[in-house]
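Reader: I have a model open and want a quick tour. Keep it brisk, please.

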Amino acid sequence: MCATCGCGDDDAAVITLPHEHEHEHEHHGHSHGHGGDHVHLPVTETITLEQKVLAKNDLLAERNRDWLATRDILALNMTSSPGAGKTTLLERTIREFTEVPIAVIEGDQATLLDAERIGATGCRVVQINTGAGCHLDAEMTYRALETLDPAPGTLLFVENVGNLVCPALFDLGERGKVVVISVTEGTDKPLKYPHMFAAASLVLVNKIDLLPYVDFDLDRCREYATAINPHAQILPLSVTSGSGMTQWYEWLRRQRSATIEDHSRET
């Protein structure tokens, strides 16, 4: 059980290779903390349990990081609210960024829908259904890596569950977190979810083709994000029109080069 948010435990997660199944199916994990008898831990015990959960996750994340480093794999943790456009972004990136092999770990509470979309591009993908869980963690990611077994030099995207709360706290062993927001969500998104933006290496502001039709202040959103995290890069783009995609690909190239250089120094 996740002490941070009370969601389902790791054992509820199901890892699936979508192409092995002819029919879509859903997995429903065991929910925790809803109905029945409730156990109310004192605040001090809850904090201690949360610290232990995060400490264990951090150790497993380091194992993942070492595993990825030995293979020169750049891993990026893709986070967003539902509907911001993560999967559409990955579909276009897979089609156009053909310089390196790409693999994807898909995280959703249920269904294979996004994994099937990614698989339709020809990309290797594995699905994690978390059941009641609202985020991926390092153990789920490790199990998915073993199943996917990405080739050395792969660019690995981990598409996290649509949620800007708990994914901010759980290191998966990635090089960095990429936060995707859209102009339809409101200018104040960074203020509402500061932990996620504080953890971000890059903030992608998607759907800028809709700016004439929505109440969204791009400059103000940038100010909010950089006030929370001065080191995060902010990149406006539109996956639909292609605006900003070249800059996104350039950022990926820089990250990949830096990953290989870091691994070379470590060895």
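Author: Let's start with Thr111. Its relative accessible area is 13%, so Thr111 is buried (buried is under 20%, exposed over 50%, partly exposed in between, with a 1.4 Å probe and protein chains only). This is a predicted model, where local features need pLDDT of at least 70, side-chain atom pairs count only at pLDDT 80 or more, and totals for chains, interfaces and linings use all residues. Residues are numbered from 1 along each chain as its sequence is written, and side-chain values use heavy atoms, without hydrogens and water.

Reader: Where does Thr111 lie?

Author: In the loop between β3 (102-108) and α3 (113-119). Helices (H or I, at least four residues) and strands (E, at least two) are DSSP runs, numbered from the N terminus. Phi of Thr111 is near 75 degrees, which is positive in a residue other than glycine.

Reader: What about phi of Asp149?

Author: That one is near 50 degrees, again a positive value in a residue other than glycine. Asp149 is in the loop between α4 and β5. Its relative accessible area is 48%, so Asp149 counts as partly exposed.

Reader: Switching to rings. How many aromatic pairs does the structure hold?

Author: Three. Rings of Phe, Tyr and Trp (its six-membered ring) pair if their centres lie within 6.5 Å. One of the pairs is Trp248 with Trp251, which is stacked (planes under 30 degrees apart). Their centres are 5.9 Å apart, with 10 degrees between the planes.

Reader: Where do Trp248 and Trp251 lie?

Author: Both are in helix α8 (residues 245-266), three residues apart, or about one turn of the helix. Both are buried. Phe157 joins Trp248 and Trp251 in one aromatic cluster.

Reader: Which ring does Arg63 lie over?

Author: Tyr142, at 3.7 Å from the ring centre. Arg71 lies over the face of Trp67, at 3.7 Å from the ring centre. For an Arg to sit over a ring, CZ must be within 6 Å of the ring centre and within 35 degrees of the ring normal.

Reader: How many disulfides are in the whole structure?

Author: Zero (a disulfide is a pair of cysteine sulfur atoms within 2.5 Å).

Reader: Why does Cys123 count as buried?

Author: Because its relative accessibility is 8%. Cys166 is buried too, at 3%.

Reader: Any long-range contacts to look at?

Author: Try Ala138, in helix α4. Ala138 and Leu60 are 78 residues apart in sequence, yet their C-alpha atoms are 5.6 Å apart. Ala138 is buried, with a relative accessible area of 0%.

Reader: And Glu266: buried or exposed?

Author: Exposed, because its relative accessibility is 60%. Glu266 is in helix α8. Its C-alpha atom is 9.9 Å from that of Thr70, and the two residues are 196 apart along the chain.

Reader: Last topic, cavities. Which elements each supply at least two residues of the lining of the largest cavity?

Author: α1 (43-69), α4 (138-148) and β5 (155-159). The lining includes Asn64, Leu68, Thr141, Leu145, Leu156 and Val158. A cavity is a set of points on a 1 Å grid over the protein atoms alone where a 1.4 Å probe fits but cannot get out; lining residues have an atom within 4 Å of a point.

Notes
1 Å grid on protein atoms, 1.4 Å probe; cavity = no way out; pocket = protein on both sides within 12 Å on 5 of 7 lines; lining within 4 Å. Phe/Tyr/Trp six-rings, centres within 6.5 Å; stacked < 30°, edge-to-face > 60°.
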